[in-house]
Amino acid sequence: HLMHSIAHSILKKDKTKKTEIHTGNWGCGNMRNNKELIYLSQIYVASILGIDQIIFHCIDQKLLNNAIEKWKAIPNNLSLIEAIELFIKYEYTWRD
């Protein structure tokens with residue numbers, strides 16, 4: 001059940017591609033994942049795959065905005081190892 005959807009064009013645009021990913025709070029229910037970390041990791045993976053747009057459904061807007069701001073501060077062409085190390089530095093915790 002989608003209460004609402006919010007589209008964010010936060011990735012670099014390549015006019016030759018028209019790929020969208022619809023996503024949301026994966027693992028944030030009973031699995032208790034940190035929503036901001038999930039959003040940030042989804043943005044990172046979409047960027048390395050060359051996705052044009054991510055459409056987030058049923059999200060926490062404040063946490064998504066935080067993830068977007070962190071994403072904007074991340075250097076381009078960050079390797080997977082560098083991304084993991086950076087995410088660890090953010091000291092995300094499991095949701096209570």
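The protein has three helices and three strands. Read from the N terminus, these elements follow the order β-β-α-β-α-α. The model is predicted. This briefing centres on helix H1, its capping residue and the salt bridges.

**Overall features**

- The protein has 96 residues, of which 34% count as buried.
- The accessible surface comes to about 6,600 Å². Carbon and sulfur atoms account for 57% of that surface.
- When contacts between residues at least 6 apart in sequence are considered, 78% of them join residues at least 24 apart.

**Helix H1 and its surroundings**

- Helix H1 covers residues 35-49 and is preceded by a loop that follows strand S2 (20-23).
- The 15 residues of H1 should span 21 Å at 1.5 Å a residue, and the end C-alpha atoms are indeed 21 Å apart, so the expected and modelled spans agree.
- The buried residues of H1 are Glu-36, Ile-38, Tyr-39, Leu-40, Gln-42, Ile-43, Tyr-44 and Ala-46.
- These buried residues pack against two strands, S2 and S3, and against two helices, H2 (61-73) and H3 (80-89).
- Just after H1 comes Gly-50, which takes a positive phi of about 80°.

**Asn-34, at the start of H1**

- Asn-34 is located in the loop between strand S2 and helix H1.
- Asn-34 caps the N-terminal end of H1, with a side-chain oxygen 3.0 Å from the backbone nitrogen of Glu-36.
- Apart from neighbours within four places in sequence, Asn-34 is in contact with Cys-28, Tyr-92 and Thr-93.

**Gln-42, within H1**

- Gln-42 lies in helix H1.
- The relative accessibility of Gln-42 is 16%, and the cut-off for a buried residue is under 20%, so Gln-42 counts as buried.
- Beyond neighbours within four places in sequence, Gln-42 is in contact with Thr-23, Gly-24, Trp-26, Ile-54 and Phe-56.

**His-57, in strand S3**

- His-57 is found in strand S3, which comprises residues 53-57.
- His-57 has a relative accessible area of 14% and is therefore buried.
- His-57 and His-22 are separated by 35 residues in sequence, while their C-alpha atoms are 7.1 Å apart in space.

**Salt bridges**

- Side chains of opposite charge can pair when their charged atoms come close.
- The structure holds two salt bridges.
- One of the salt bridges joins the side chains of Glu-36 and Lys-70, with an N to O distance of 2.6 Å. This pair links distant parts of the chain, since Glu-36 belongs to helix H1 and Lys-70 to helix H2, 34 residues apart.
- Glu-36 is buried, because its relative accessible area is 7%. Lys-70, by contrast, has a relative accessible area of 23% and is therefore partly exposed.
- Another salt bridge joins the side chains of Lys-72 and Glu-69, with an N to O distance of 3.6 Å. Both of these residues lie in helix H2, three residues apart, which is about one turn of the helix.
- Lys-72 has a relative accessible area of 59%, and so this residue is exposed.

**Glu-36 in summary**

- The backbone nitrogen of Glu-36 is reached by the side chain of Asn-34, and the side chain of Glu-36 meets that of Lys-70 in a salt bridge.
- Glu-36 is also one of the buried residues of H1.

Definitions and conventions. Residues are numbered from 1 along each chain as its sequence is written. This is a predicted model: local features need pLDDT of at least 70, side-chain atom pairs count only at pLDDT 80 or more; totals for chains, interfaces and linings use all residues. Side-chain values use heavy atoms; hydrogens and water are left out. Helices (H or I, at least four residues) and strands (E, at least two) are DSSP runs, numbered from the N terminus. A polar contact is a pair of N or O atoms within 3.5 Å; within protein, one must be able to donate a hydrogen and the other to accept it, and residues adjacent in sequence count only if both atoms are side-chain atoms. Contact means heavy atoms within 4.5 Å. Buried means under 20% relative accessible area, exposed over 50%, partly exposed in between (1.4 Å probe, protein chains only). Accessible areas come from the Shrake-Rupley method with a 1.4 Å probe; for residues, only the protein chains shown count as cover. The expected span of a helix is 1.5 Å times one less than its number of residues. A salt bridge is a side-chain nitrogen of Lys or Arg within 4 Å of a carboxyl oxygen of Asp or Glu.
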